[in-house]
Amino acid sequence: MILLLISSVLCAGIIVSALLAVFLGNTVSAAISAGMASLFAAITYVVLAAPDVAMTEAAIGSGLTTVIFLYAIRRTTEPPEE
Amino acid sequence: MIKRATILLTLLLLGFIFLRAVVEYTPPADLNALSRHYVAFGPHELGAANIVTAVLVTYRGLDTLGEVAVLFISAAGVGLLLRRKVAKREEKIPPRASSELVGTAIQFLLPLIFVLGVYIFANGHLTPGGGFQGGAVLASGIMLLLLADPGARLNHTIVHWLESSSGFGYVVVGVLGLAFAGGFLDNRFLDLGTFGELFSAGAMPIIYVFIGLKVGTELSAVLERMKD
């Protein structure tokens, strides 16, 4: 029962952060929300007893992909005037 | 208007498909025949405590080789697309140096992260994790280095050699399995050793070390390409 409750909350977290990633106007915030969705998914995998998948999701989904998105955003937008 | 309606219709259809999958889902009460074989015979046949690794590296080893190849192709694609603008870099103002705090923290954290990454892929046959996870941890260490020190450069000769030789080594181990054991990527051409020890499960740790190094160097190369 408690497992169901925890995983429901985590899944709600995934959905909310994914929606934020779609609807946020600022691309940097959107990229970070997408990373957060991955992080929630990784915790869900741990709760559902799949540590192997959780490791991949945490390292690649929420770590590397977010940074690659941020680099891409920096490359495709104008640098701020100093 | 028609475009919007098409998108909405597609989304509704997709939602309907997923909804049906969720509503009609009943958790399987029993393993299917193949999974039962993996669970019952995997540890004895291959000597690996982590069944996930046994499936990924040997039973479905060819698929893992394919995954590594896909990652290699995407890394090569990124390298090809972001190759230009090398000459223009020189005249730009150098980026601001990072603070003392960040520099010191990196020196402290980087060895720990690398040790964790190597631990994850060297113990892939015993504990959760493996080549992909360990390689991603290595790459996140490199990422930290690139973020903390804007002027940092990877040594391309070392990265290149490490990546090519680990990919080559992976295939060589696979062919050795074909020659001296049951088939391609069979781990039993080496002694299976004591169950649960670091040096056990035949060639499985060797394969995972190769995969870990390859994934780590590939992802680091992608990160460095993206950075400048």
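Helices and strands are DSSP runs, of at least four residues for a helix and at least two for a strand, numbered from the N terminus. The legends below describe a predicted model.

**Figure 1. Chain B, an assembly of helices without strands.** Chain B holds eight helices and zero strands. Read from the N terminus, the order of its elements is α-α-α-α-α-α-α-α. Its C-alpha trace spans about 65 × 60 × 35 Å along the principal axes. The radius of gyration of chain B is 22 Å, whereas a compact globule of 228 residues would have one near 17 Å. Buried residues account for 32% of the 228 in this chain. Of the contacts in chain B with a separation of 6 or more, 70% are between residues 24 or more positions apart.

**Figure 2. Helix α1 of chain B, residues 2-23.** This helix has 22 residues, and the distance from its first C-alpha to its last is 31 Å. That is close to the 32 Å expected at 1.5 Å a residue. Is α1(B) enclosed, or does it lie in the open? The number of buried residues among its 22 is zero, so α1(B) lies largely in the open.

**Figure 3. Helix α8 of chain B.** The 24 residues of α8(B) should span 34 Å at 1.5 Å a residue, and its end C-alpha atoms are indeed 34 Å apart. A residue is buried if 20 or more other C-beta atoms lie within 10 Å of its own. In α8(B), 21 of the 24 residues are buried, so the helix is largely enclosed by the rest of the structure.

**Figure 4. The largest nonpolar core, with 55 residues.** The residues with the most contacts inside this core are L64(A), A136(B), A139(B), I207(B), F210(B), I211(B) and L223(B). Chain A contributes two or more residues from each of α2 (27-47) and α3 (51-76). In chain B, the elements that do so are α3 (51-59), α4 (61-81), α5 (100-122), α6 (131-148), α7 (156-180) and α8 (204-227). The largest contribution is that of α8(B), with 13 residues.

**Figure 5. Surroundings of I211(B).** Which residues are in contact with I211(B), leaving aside its neighbours within four places in sequence? They are V68(B), F121(B), G131(B), F132(B), G135(B) and Y170(B). I211(B) is also one of the residues with the most contacts inside the largest nonpolar core.

**Figure 6. The contact between chain B and chain A.** Here 15 residues of chain B are in contact with 12 residues of chain A. On the chain B side, the elements giving two or more residues are α6 and α8. Of these, α6(B) gives the most, with seven residues. This side of chain B comprises 10 nonpolar residues, four polar and one charged.

**Figure 7. Chain A, with three helices and zero strands.** The elements of chain A run α-α-α from the N terminus. Its C-alpha atoms fill a box of roughly 55 × 25 × 15 Å along the principal axes. Chain A has a radius of gyration of 15 Å, against a value near 12 Å for a compact globule of 82 residues. Of its 82 residues, 30% are buried. The average pLDDT of chain A is 87, and 94% of the residues score at least 70. Among its elements, α2(A) has the highest mean pLDDT (91) and α3(A) the lowest (86).

**Figure 8. F23(A) in helix α1 of chain A.** F23(A) has 9 C-beta neighbours inside 10 Å and therefore counts as exposed. Between F23(A) and S62(A), 39 residues apart in sequence, the C-alpha to C-alpha distance is 19 Å.

Conventions: Residues are numbered from 1 along each chain as its sequence is written. Chains are lettered from A and ligands numbered from 1 in the order in which they are written. This is a predicted model: local features need pLDDT of at least 70, side-chain atom pairs count only at pLDDT 80 or more; totals for chains, interfaces and linings use all residues. A nonpolar core is a set of buried Ala, Val, Leu, Ile, Met, Phe, Trp, Tyr and Cys residues joined through C-beta atoms within 7 Å. A residue is buried if 20 or more other C-beta atoms lie within 10 Å of its own, exposed if 12 or fewer, and partly exposed in between; C-beta atoms are placed from the backbone. Two residues are in contact if their C-beta atoms, placed from the backbone, lie within 7 Å. Ala, Val, Leu, Ile, Met, Phe, Trp, Tyr, Cys and Pro count as nonpolar, Asp, Glu, Lys and Arg as charged, and the others, Gly among them, as polar. The expected span of a helix is 1.5 Å times one less than its number of residues. The radius of gyration is taken over C-alpha atoms; the globule rule is 2.2 Å times the number of residues to the power 0.38. pLDDT is the predictor's confidence in each residue, from 0 to 100.
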